[in-house]
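Please walk me through this structure. I would like to know about its internal spaces, its strands and its cysteines.

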Amino acid sequence: MSETVPDNTARMVKSENRSEEESSNSAPTDSTKPIDMADASTQIQTETSESSTNTVPAEAIFLLEPAKQSANVPESAQNRLYIKRGHVVNHDGMQQADVYIEDGTVRYVGSGADFVVPGGCRTIDATGKLVMPGGIDPHTHFQLEFGGTVSVDDFYKGTKAAVAGGTTTILDFVLPKKGESLLEAYDTWRARADPKVVCDYGLHIGITWWSKSVRDEMKILCQERGVNSFKCFMAYKGLYQLNDSELYEVFETCKELGAVAMVHAENGDIIAKNVTKLLSEGVTGPEGHELSRTEEVEAEATNRACVIAHQTKAPLYVTRVTSKLAAEQLSQAKRRGQVVYGETLASSLGCTLTNVKPNALVYFTTSPPIRKDPETPRHLVKFLALDDLQTTGSDNCTFNRNQKELGLKDFSKIPNGVNGVEDRMSVVWEKGVQSGLIDPQRFVAITSTNAAKIFNLYPRKGRIAPGSDADLVIWDPKAVRTISASTHHQACDFNIFEGMKCHGVPEFVIVRGRVCVEYELIRVAEGQGLFLETPVYPSFVYDALNGVSRPEDESDEKHTRNGIQSLDLNSKSGHDVDIPDTYALPEKYIPGPALSVISGDSQLSTPHSARGHRPDGLKNMQESTFSISEELDKSEARSCIRVRAPPGGKSSGFW
């Protein structure tokens with residue numbers, strides 16, 4: 001790294017010389033009340049970047065290099081934010097800590113006693129709340145043409161809804177028409193998304209047909225366009241479906257390019273036969289959809305995808321696993337030593353078709369289907385808890401009632417897709433943490449960190465640590481909200497989770513250092529998000545594929561089980577019974593590794609502090625603009641965090 005980090009005094013002087021108006025969040029007060037809202041276009045400045053690099057260099061995490069400011073970024077876009085007294089949760093640890101954010105980047109995570117708060121800095125009190133990485137939704141379809149119509153959530157409405165629910169990064173799917181150039185389809189999606197997104201986004205590319213030109217364009221997309229994942233369809237015969245030979249070649253190409261192969265796993269040939277048979281027998285209503293694509297049809301395709309991937313020695317990511325049988329196939333493949341990952345959906349965790357009236361089934365139609373078995377959501381959460389499934393997506397592809405009803409008398413014509421991007425985080429919390437099957441650390445893993453690792457965005461995304469993007473959620477685990485189409489921010493006129501009560505609410509959502517959600521108020525602007533390149537050869541995936549042992553992954557494995565040994569995973573719960581257990585925050589401190597310094601290999605490198613927080617206004621010996629507002633509690637236990645200095649540098653206590 002060519003630049004050096006200024007010492008703490010220089011950093012503080014720089015902060016003191018800034019006017020308070022530089023903060024996009026305005027008030028340098030300790031207020032936690034909603035601020036007056038004006039038009040979003042006057043409150044939020046569109047932020048651009050000179051680079052779309054997605055990974056934080058190890059040395060940048062350690063040294064906290066000052067952010068470079070592009071010439072076309074207005075001065076008012078720079079901001080400083082301090083979150084105090086929260087419980088910071090990462091996938092591998094949890095501790096009481098303060099978080100300092102500047103210029104859209106996390107600069108410090110640790111004890112408040114060891115940090116000087118700069119002047120002109122807004123403070124949020126997160127007492128009793130969890131401070132977690134913003135959610136990453138690895139599966140959305142915004143503004144998608146399907147079934148003769150277009151999904152109603154475009155990239156503005158869709159990403160706004162995502163942010164409202166605590167998701168700060170989305171990965172959307174480019175789906176070329178058969179015979180269409182992948183590069184042209186990619187350009188079309190970028191043109192749709194770039195002017196509208198309110199949070200950062202990346203792209204997967206669908207392989208909907210196969211030829212040498214497709215192979216060549218995959219290489220260009222990997223090397224020049226920032227794409228590292230390609231999705232094949234084993235379903236949608238005549239539209240997107242590839243045969244086994246083509247799947248083999250796509251997987252083989254992904255392995256050669258260092259990309260991640262993805263599949264939609266359903267046996268399209270069997271489904272086509274079943275559809276024809278059901279329609280000929282007079283089964284035309286929406287109930288025919290699930291009848292045509294049973295659990296074993298999904299499970300067979302999942303197993304076949306694993307076999308083909310194993311033959312090509314390629315890593316495999318199976319999207320939208322909706323059944324216990326399919327999840328078991330992934331579990332078995334993993335036990336055989338394959339590098340396979342599985343994603344399940346908010347819709348499959350939060351809904352079953354058990355009590356849905358026949359005519360209403362049309363609104364729940366998606367593929368693979370939401371299942372009828374009332375125990376399916378609990379089974380899927382167990383697979384998430386055991387790390388047989390690693391991520392949770394929304395597969396958000398919304399259509400209004402009139403669009404869905406195009407197939408009311410012919411289930412094969414129903415546009416496939418449901419909502420979920422706004423409610424995913426709350427639904428996963430309710431069905432996972434609230435039910436007692438997973439803890440907050442595993443919640444972070446399956447809603448954010450694992451997706452960041454698989455698609456090579458970690459630790460820039462999916463972690464709260466110095467050097468990471470300041471995408472955070474301040475989560476109130478005791479708050480309760482009821483999901484309803486009357487209050488959601490999506491464009492669709494119904495919600496499949498209507499009336500569901502969720503414990504756990506995103507109180508604040510911070511996107512690149514900007515407070516975009518404050519209680520129930522949302523402040524975003526079109527185009528403030530950035531495109532994220534997803535570099536090839538994600539180490540999390542390819543190290544596993546090549547048998548390379550990573551010490552941090554071994555450490556993660558201990559946390560992955562999150563106390564799962566004490567849970568009875570074979571027990572059944574009354575699915576209609578609201579489980580009253582709420583996750584209880586510790587009174588003061590949860591032992592865990594300090595998060596204030598991350599070494600070059602991303603391992604936690606400093607001991608934790610048992611001291612807790614510095615009382616507000618405690619004077620630091622370094623020069624600052626502080627005023628003493630409270631006296632130090634003399635009875636408070638004291639210790640200190642030793643902050644490692646960069647090679648050849650001095651330890652200043654702040655990097």
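**Cavities, a buried strand and the cysteines**

Searching the whole structure turns up seven cavities of 30 Å³ or more. Keep in mind that this is a predicted model.

Start with the largest cavity. It encloses about 150 Å³ of space. Its lining is made of 17 residues. Nearest the centre lie His-141, Phe-146, Tyr-236, Asp-395 and Asn-416. What classes of residue make up this lining? Seven are nonpolar, seven are polar and three are charged.

Next comes the second largest cavity, with about 90 Å³ of space. Among the residues lining it are Pro-286, Glu-287, His-289 and Glu-290. Leu-353, Leu-361, Phe-364 and Thr-365 also line this cavity, as do Pro-369, Ile-370 and Lys-372. By class, this lining has six nonpolar, two polar and three charged residues.

Now turn to strand β14, residues 340-345. Is this strand enclosed or open? Six of its six residues are buried, so the rest of the structure largely encloses β14. Buried here means a relative accessible area under 20%. In a regular strand, side chains alternate between the two faces of the sheet. In β14, Val-340, Gly-342 and Thr-344 point one way. Tyr-341, Glu-343 and Leu-345 point the other way. Both sets are buried, Glu-343 included.

Which strands pair with β14? One is β13, residues 316-318, which pairs with β14 in the parallel sense over three bridges. Within that pairing, Val-318 stands opposite Gly-342. To get from β13 to β14, the chain passes through helix α11, residues 324-335. This β-α-β crossover is right-handed. Strand β15, residues 391-393, also pairs with β14. This pairing is parallel too, and it has three bridges. Here Leu-345 of β14 stands opposite Gly-393 of β15.

Finally, look at the cysteines. A disulfide is a covalent bond between the sulfur atoms of two cysteines. How many disulfides does the structure hold? It holds zero. Take Cys-254, which is in no disulfide. Its nearest cysteine sulfur belongs to Cys-232 and is 6.5 Å away. The cut-off for a disulfide is a pair of sulfur atoms within 2.5 Å, so a separation of 6.5 Å does not qualify. Cys-254 is also buried, with a relative accessible area of 0%. Cys-492 is buried as well, at 5% relative accessible area.

Conventions
Residues are numbered from 1 along each chain as its sequence is written. This is a predicted model: local features need pLDDT of at least 70, side-chain atom pairs count only at pLDDT 80 or more; totals for chains, interfaces and linings use all residues. Side-chain values use heavy atoms; hydrogens and water are left out. Buried means under 20% relative accessible area, exposed over 50%, partly exposed in between (1.4 Å probe, protein chains only). Helices (H or I, at least four residues) and strands (E, at least two) are DSSP runs, numbered from the N terminus. Two strands pair if DSSP finds at least two bridges between them. A crossover is right-handed if, with the strands pointing away from the viewer, the path from the first strand over the helix to the second runs clockwise. On a 1 Å grid over the protein atoms alone, a cavity is a set of points where a 1.4 Å probe fits but cannot get out, and a pocket is an open set with protein on both sides within 12 Å along at least five of seven lines; lining residues have an atom within 4 Å of a point. Grid points are joined across faces, edges and corners, and a volume is the space filled by probe spheres set on the points. Ala, Val, Leu, Ile, Met, Phe, Trp, Tyr, Cys and Pro count as nonpolar, Asp, Glu, Lys and Arg as charged, and the others, Gly among them, as polar.
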